[in-house]
Amino acid sequence: SKLNGSGSRQDVLNEVQKIIKDRLTEYDYEPLPSNPKIIRWETTASFERHEMVRDGLISSDSPRGIWEITQVGKDYLRKYGYTVKDLDDLLNLNYYL
């Protein structure tokens with residue numbers, strides 16, 4: 001699926017999981033002790049999202065629950081060697097993370 005630069009938290013996490021599933025451990029899939037309905041790696045991803053907002057890579061003014069990459073984010077990825085095709089392939093988005 002294409003998210004065209006933005007998507008709901010869960011849609012983005014679903015796409016991210018497809019890419020990093022081989023790197024996630026059993027521990028990553030465990031629920032948090034504080035809330036058994038929340039999976040550990042998804043919480044970590046949410047915290048990272050806040051860091052990316054702080055760094056200007058993800059929009060801070062998107063509607064609640066929507067994650068949207070900024071031009072700065074796209075430029076950052078390209079700077080570190082990702083091509084447009086890589087960006088599309090990376091998360092199957094046009095482009096978002």
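**Exercise 1. How many residues does α1 have, and how far does α1 reach from its first C-alpha to its last?**

A word on the ground rules before we solve it: this is a predicted model, where local features need pLDDT of at least 70, side-chain atom pairs count only at pLDDT 80 or more, and totals for chains, interfaces and linings use all residues. Residues are numbered from 1 along each chain as its sequence is written, and side-chain values use heavy atoms, with hydrogens and water left out.

*Solution.*
- Helices here are DSSP runs of H or I with at least four residues, strands are E runs of at least two, and both are numbered from the N terminus.
- α1 has twelve residues and reaches 16 Å from end to end, counted between C-alpha atoms.
- The expected span is 1.5 Å times one less than the number of residues; for α1 that is 16 Å, and the model comes close to it.

**Exercise 2. Find the buried residues of α1 and say where around the axis they sit.**

*Solution.*
- Buried means under 20% relative accessible area, exposed over 50%, and partly exposed in between (1.4 Å probe, protein chains only).
- In α1, the buried residues are V12, L13, E15, V16 and I20.
- They lie on the same side of α1, because they cover an arc of only 165 degrees around the axis, taken from the directions from the helix axis to the C-beta atoms.

**Exercise 3. Work out which element gives the most to the largest nonpolar core.**

*Solution.*
- A nonpolar core is a set of buried Ala, Val, Leu, Ile, Met, Phe, Trp, Tyr and Cys residues joined through side-chain atoms within 4.5 Å.
- The largest one has nine residues: L3, V12, L13, V16, I20, L24, W41, A45 and W67.
- Two elements, α1 (9–20) and α2 (40–54), give two or more residues to this core.
- α1 gives the most, with four residues.

**Exercise 4. List the salt bridges and pick out the network.**

*Solution.*
- A salt bridge is a side-chain nitrogen of Lys or Arg within 4 Å of a carboxyl oxygen of Asp or Glu.
- The structure holds three of them.
- In α1, E15 pairs with K18, with the closest N and O atoms 3.3 Å apart; E15 is buried at 5%, while K18 is exposed at 53%.
- E51 meets R54 at 2.9 Å, N to O; these two are three residues apart in α2, so about one helical turn separates them.
- R54 also bridges to D55, at 3.1 Å.
- E51, R54 and D55 are therefore linked in a network, in which R54 counts as exposed because its relative accessibility is 59%.
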